[in-house]
Amino acid sequence: MTQINKSPNNSKQKIIIIALSVAVIAAVAVVVGVLLTRNNLLARTMRLLRAEGTVSIEDQKGSAKPITENSRFQSGDSVSTGADGIATVGLDDTKIVTLNNDSKAEFVKNGKQLELKLLKGAVFFNVTEKLRSDEKFEIKTSTMTAGIRGTSGVVYYDEANGNNETIAVTDGAVEISATDPLTNETKTARVEGGQQLKVILSSSDGQGFELIVEEFVLEDLSEFTLGLIAEDDELIARICDFNGWDPEKLKKVLKDLDNQGVKPTESAVGTTAPETMPAKPTDPEKPTEGDPAKPTSNSSKKKTSKSSKKSVRRTSSKKKKKKSTSGKSSSGSSSHIVSEMSIQNVN
């Protein structure tokens, strides 16, 4: 019988190769696991991207949570801002919202289902990618639900006009549903970029429930909204392309406001404190008061009609792309402070 002598060196080499292969596979598995865990964490949690002034976070029980850089918070947590506060929250990498001063919002997240409950004040939203079919993002007030699919705009309580719940869409389109708490009647409407919708609730006799849709131009936007738009070149391009606005003019509007040194006291969307504003001559063709995010009433360019199908009153002509014709903002309020903070979308 012939015996085969196995070389000890060959055996050692094989063992080393096997060990190295196992180590490489294990390292790859660890890296993949870390990436999957990180992505899963980002998908399940929300992040506080920026906080200026007075900002607080509370859990579902109302207990305060510490605020740190890139703070994460869970479904059911709420964010509040004080009179000098502003907060930007990343719901995920493509959905960014910013709370104005004196605002509060609660965030509910269940997988790919997102809900922001605006309890007071104003919130600007910017969704950079259209939602997939299995995703949902809604912004709710006490009576209104806005279905966001891939657009930008601002939702707020109009303190200057009876605290009416309002949404102004700056690009894309939003589906709106509102229910009158007195009559339980529900109405729906579609609001496109360059339009705003205001919910008018019933009076004590159950009459008057309406969804009023109006068009607005660049100068009708509040400083809060303009300030956030002006910090994002991609958003500027998107909004201006949708509405036919001049990007350079949008930037100039905000710059002109800064040069005027106007620093009004901030509120939900911006009711200017008269004592902080310099005296200005009155333009008889333009109202000097009102909501800065609300289109100024102009009977010569807007017509009133009624939609019997949706019971929605539209105070505008058929939607057309247009360029604004005035270089001076009719907005006299809200967050001049925003332009100084350089709010950025942080991924």
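This is a short tour of two loop residues and several salt bridges in a predicted model.

**First stop: two loops**

Select D102 and look at the loop that runs between β7 (95-99) and β8 (104-110), which is where D102 lies. If you display its backbone torsions, you should find a phi near 50 degrees, a positive value in a residue other than glycine. Colouring by accessibility places D102 in the partly exposed class, because its relative accessibility is 26%, and that falls between the limits of 20% and 50%.

Next, select N163, which is found in the loop between β13 (152-158) and β14 (164-171). Here too the backbone has a positive phi in a residue other than glycine, with a value near 60 degrees. N163 has 40% relative accessibility and therefore counts as partly exposed.

**Second stop: a linked set of charges**

Turn now to the salt bridges, of which the model has 13 by the rule applied here. Select E115, K117, E138 and K140 together and show their side chains, since these residues are linked in a network of salt bridges. Within that network, the side chains of K117 and E115 meet at 3.7 Å, taken from N to O. E115 is buried, because its relative accessible area is 18%, which is under the 20% limit, whereas K117, at 30% relative accessibility, counts as partly exposed.

Keep the network on screen and move to E138 and K140, whose side chains also meet in a salt bridge, with an N to O distance of 3.9 Å; this lies within the 4 Å cut-off for such a pair. E138 is buried, with a relative accessible area of 17%, while K140, at 24% relative accessibility, counts as partly exposed.

**Third stop: a pair between two strands**

Which residue forms a salt bridge with K198? Select D158 along with K198 and draw the distance between the closest N and O atoms, which are 2.8 Å apart. The pair links distant parts of the chain, with K198 in strand β17 (residues 195-200) and D158 in strand β13, 40 residues apart.

Are these two partners buried or exposed? K198 has a relative accessible area of 6% and is therefore buried, and D158, at 2% relative accessibility, counts as buried as well. A surface display may hide this pair, so make the surface transparent before you select K198 and D158, given that both count as buried.

Notes
Residues are numbered from 1 along each chain as its sequence is written. This is a predicted model: local features need pLDDT of at least 70, side-chain atom pairs count only at pLDDT 80 or more; totals for chains, interfaces and linings use all residues. Side-chain values use heavy atoms; hydrogens and water are left out. Helices (H or I, at least four residues) and strands (E, at least two) are DSSP runs, numbered from the N terminus. Buried means under 20% relative accessible area, exposed over 50%, partly exposed in between (1.4 Å probe, protein chains only).
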